Amino acid sequence: MVDIMRTTREILLLQVAFFLSKLCILSAEKVLGVENSEFDFDGLPGAQHEFKVDIPGSTEDCFFQAVSEGAQMHVSFEVLKGGDKNVDFYVRDQNWQVMEVQNYKQSGTYNLENARAGTYAICIDNVFSRFGTKLVYIYIVTFVMQEWVQFQMELSSLHLMAANFTTSLNDVQSSVEYMKQSQAAARFHVIRDWYLVQGNNYYVFMWSLIQCALILIAGAVQVFTVRRLFRTTNVTPSAKPRA
């Protein structure tokens, strides 16, 4: 009887392992049996972009991101260089209606839950600088939860505790989302520190050159002054030869 129970348990574990292996084998173009060019290379629906862009003075630049129905979207931005390092930040929906406004900000974030399907616009307006260009770092990520629904259905067919497993997956997903936001913040700090180090290096270099030039000039003036002190003539002021 014990051997039969052990054999049944091993068969069930093998079935679960086989199902998990089949579930994990997802191509980048086909997930849940539907082809979509917006899937990333990990085989998960969604997209992730990070880039730096120069925004000229008195200019607004918009970037468009397609979002699936029910997806989540996270946007972060930070001004790295230029002027007062403040810009206006806008998010517009597929009808070009303003959803989020952040005025006169150096950095900020925006999160959208359960989005409607469509193309959203992320806009940066450099209205505070008439002629100065600003370098802005932008991070955009969107993702959906469809694969977890499919996973839950398959687990239910195997008479497993689908509810508890789904809760665990949701906790993992929340942790991954928090980790992505922390990574984005870390990227901002690294890039900002890099430009700060470059600026300090240039400042120290220029001041060193100026101080070296001042030292050389002071040395030349001292040599000229000392030599002039010991300069004598062969005759006195009355035109008599010196003794």
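**Group meeting: cysteines and a surface patch**

Hi everyone, let's start with a cysteine: C62 has a relative accessibility of 18%, and since buried means under 20%, C62 counts as buried. Please keep in mind that this is a predicted model.

So what does C62 pair with? Its partner is C123, in a disulfide with an S to S distance of 2.0 Å. The count of disulfides here comes to 1. Where do the two cysteines sit? C62 belongs to strand β4, residues 60-67, while C123 belongs to strand β9, residues 118-125, so the bond ties together parts that are 61 residues apart in sequence.

Now for the geometry. The torsion about the S-S bond of C62 and C123 is about 110 degrees, and therefore this disulfide is right-handed.

And is C123 buried or exposed? C123 is buried, at a relative accessible area of 0%. C62, as I said, is buried too, at 18%.

There is another cysteine I'd like to show you, C212. With a relative accessible area of 45%, C212 is partly exposed.

Let's move on to the surface. If you turn to Y203, V204, W207, I210 and L214, you'll find that they make a nonpolar surface patch of about 530 Å². I'd pick out W207 from that group: this tryptophan lies in helix α3, which covers residues 162-229. How accessible is W207? Its relative accessibility is 41%, so W207 counts as partly exposed.

That's my tour, from the C62 to C123 disulfide to the nonpolar patch that includes W207. Thanks for listening, everyone!

Definitions and conventions
Residues are numbered from 1 along each chain as its sequence is written. This is a predicted model: local features need pLDDT of at least 70, side-chain atom pairs count only at pLDDT 80 or more; totals for chains, interfaces and linings use all residues. Side-chain values use heavy atoms; hydrogens and water are left out. A disulfide is a pair of cysteine sulfur atoms within 2.5 Å. Helices (H or I, at least four residues) and strands (E, at least two) are DSSP runs, numbered from the N terminus. Buried means under 20% relative accessible area, exposed over 50%, partly exposed in between (1.4 Å probe, protein chains only). Patches are made of residues with over 30% relative accessible area and no salt bridge: like charges are joined within 9 Å, nonpolar side chains (Val, Leu, Ile, Met, Phe, Trp, Tyr) within 5 Å. Accessible areas come from the Shrake-Rupley method with a 1.4 Å probe; for residues, only the protein chains shown count as cover. A salt bridge is a side-chain nitrogen of Lys or Arg within 4 Å of a carboxyl oxygen of Asp or Glu.
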